[in-house]
Amino acid sequence: MLTSKMIKDAALAAGADLCGIAPISRLKGAPKEMNPAYLFPEAKSVIAFGFRIPRGVQRGIEEGTQFYQYPSIAYGGINEIFAPNVLYQVGRVIEDAGYEAFVYRNTGARGCVSDMDGSEGNTLSPEEEIEYIERGKKATAHHRSVQFTREAREGAVPPDLQFQFRLVAVACGLGEIGWSNMLLTPEFGPLQRVAFIFTDAELEYDEMYSGKPLCRKCGACVRECPGSCIPAINSGKTVTVDLDGKICEWGDIDMWRCYAFYTHGGRYYNPFVPKEVFDKNENGALDLLEGKSEASEKEIMKVYGALEKYFPSWVGYNMAKCGGCIRACVSVLEKKGGCMEERFKAPLRTKKAWKMDR
Ligand code: SF4
Ligand code: SF4
């Protein structure tokens with residue numbers, strides 16, 4: 001008989017760091033286009049896997065000396081290599097017991113509504129758009145632009161259904177969502193990524209986290225965001241979700257703004273772009289990074305167009321240079337307590353965070 005213990009043992013043996021299991025009914029409040037119950041209507045259980053982000057992959061960004069390791073290992077490596085292997089191995093255990101394992105690896109910009117702003121249809125991530133324009137050399141609709149997708153049958157949702165990974169991880173008992181919209185876990189604070197399996201097997205379920213709040217509401221993430229994308233703690237700008245009775249609340253982050261800053265850092269946090277480029281701000285392409293325009297897909301495309309060449313190595317994945325909110329959070333949780341104290345012999349941060357003098 002397939003048990004939750006068999007699944008968790010297999011997950012940890014294959015390389016996952018965390019594993020929690022929830023009944024699919026816990027997600028019943030999700031909007032239809034983002035409700036994983038529609039993925040596989042016979043599913044009874046959802047299994048969440050957590051994969052730690054080694055603290056050391058952010059050391060180079062923390063020092064301002066190496067920006068390649070975080071996106072390549074913590075984004076690309078986990079999403080494309082480490083996590084899929086675990087999904088594959090655990091999926092075998094489930095299917096050997098006669099149940100189906102619908103694996104769902106971490107992926108973005110794939111839903112029938114935008115994962116940036118929830119809008120319907122054709123909002124692409126800038127990276128997807130560049131991939132298409134530059135690599136595909138085509139001028140018509142994106143190869144998987146979602147504006148043409150339709151329900152395959154009555155009562156279904158258009159492909160590709162994408163759900164809120166962090167909320168489903170919370171449903172599976174892995175942790176809570178912090179003010180900065182990161183998943184925080186007792187084991188690793190904000191340092192993990194997630195992947196999932198949906199199955200028709202009924203299993204023993206984990207409770208949702210109910211210990212002391214994992215987010216200190218300290219505002220360090222707000223202060224250290226280079227783009228001021230995260231609202232102040234007492235601003236009242238919140239997103240609140242009732243997850244089967246567990247109230248989850250976080251800051252209503254300007255996601256498009258974050259898209260520009262987490263990939264390009266801005267004047268003070270991007271050592272790859274000469275100061276003169278920011279000073280010149282040719283054709284206003286950097287207005288968004290310079291605080292002269294609101295964030296939108298159009299403005300971000302201008303930023304990407306102007307700065308892409310200064311960070312030529314795409315590592316095959318998002319060229320994340322920021323991690324400001326993550327590092328701030330780790331630093332606070334290590335020093336002031338919460339979920340990360342005493343994990344490391346020395347704290348992540350031993351000196352003032354850097355900022356370029358320009
Ligand atoms: S930095 Fe502070 S406020 Fe922000 S998510 Fe972490 S604990 Fe919460
Ligand atoms: S990733 Fe960077 S830009 Fe985005 S919210 Fe965090 S600190 Fe701000």
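Here is a walk through this structure, from its sheet to its two ligands and the helix that links their surroundings. Keep in mind that you're looking at a predicted model.

Let's start with the sheet. Four strands make it up, lined up in the order E1-E2-E6-E3, and the sheet is open, with antiparallel pairing. Strand E1 (18–23) and strand E3 (101–104) sit at the edges with a single partner strand each, so one side of each has no neighbour in the sheet. Going from one strand to the next, the twist averages 20 degrees. If you want to look at one pairing in detail, try E3 and strand E6 (residues 192–199), which run antiparallel and are joined by four bridges. Val103, for instance, has Ile197 in E6 as its bridge partner. What holds such pairs together in general? Strands of a sheet pair through backbone hydrogen bonds.

Two helices pack on this sheet. Helix H1 (residues 4–14) touches E1 and strand E2 (45–52), and its direction makes about 150 degrees with that of E1. Helix H3 (residues 69–96) touches E2, E3 and E6, and its direction makes about 30 degrees with that of E6.

Now for the ligands. Ligand 1 has 13 residues around it, and Gly178, Cys215, Cys218, Cys221 and Cys329 come nearest. Helix H6 (220–224) and helix H10 (324–336) each supply at least two residues of this shell, with H10 giving the largest share, three residues. Sort the shell by class and you get eight nonpolar, three polar and two charged residues.

Ligand 2 has plenty of cysteines around it too: Cys225, Cys229, Cys258, Cys322 and Cys325 are among its surrounding residues, which also include Pro226, Phe261 and Tyr262. Helix H7 (255–264) and H10 each give two or more residues to this shell. Here H7 gives the most, three residues. The classes come out as 10 nonpolar and two polar, with no charged residues.

You'll have noticed H10 in both shells, so let's look at that helix by itself. H10 has 13 residues and spans 18 Å from its first C-alpha to its last, close to the 18 Å expected at 1.5 Å a residue. Is H10 enclosed or open? Of its 13 residues, 11 are buried, so H10 is largely enclosed by the rest of the structure. Among the buried ones are Cys325 and Cys329, along with Arg327 and Glu334. Helix H2 (59–63) and H6 are included in what covers them. After H10 comes Gly337, with a positive phi near 90 degrees.

Note on methods
Residues are numbered from 1 along each chain as its sequence is written. Chains are lettered from A and ligands numbered from 1 in the order in which they are written. This is a predicted model: local features need pLDDT of at least 70, side-chain atom pairs count only at pLDDT 80 or more; totals for chains, interfaces and linings use all residues. A residue is near a molecule or strand if its C-beta atom, placed from the backbone, lies within 6 Å of it. Ala, Val, Leu, Ile, Met, Phe, Trp, Tyr, Cys and Pro count as nonpolar, Asp, Glu, Lys and Arg as charged, and the others, Gly among them, as polar. The expected span of a helix is 1.5 Å times one less than its number of residues. A residue is buried if 20 or more other C-beta atoms lie within 10 Å of its own, exposed if 12 or fewer, and partly exposed in between; C-beta atoms are placed from the backbone. Two residues are in contact if their C-beta atoms, placed from the backbone, lie within 7 Å. Two strands pair if DSSP finds at least two bridges between them. Axes are lines fitted to C-alpha atoms, for helices over the stretch in contact, and angles run from 0 to 180 degrees between N-to-C directions.
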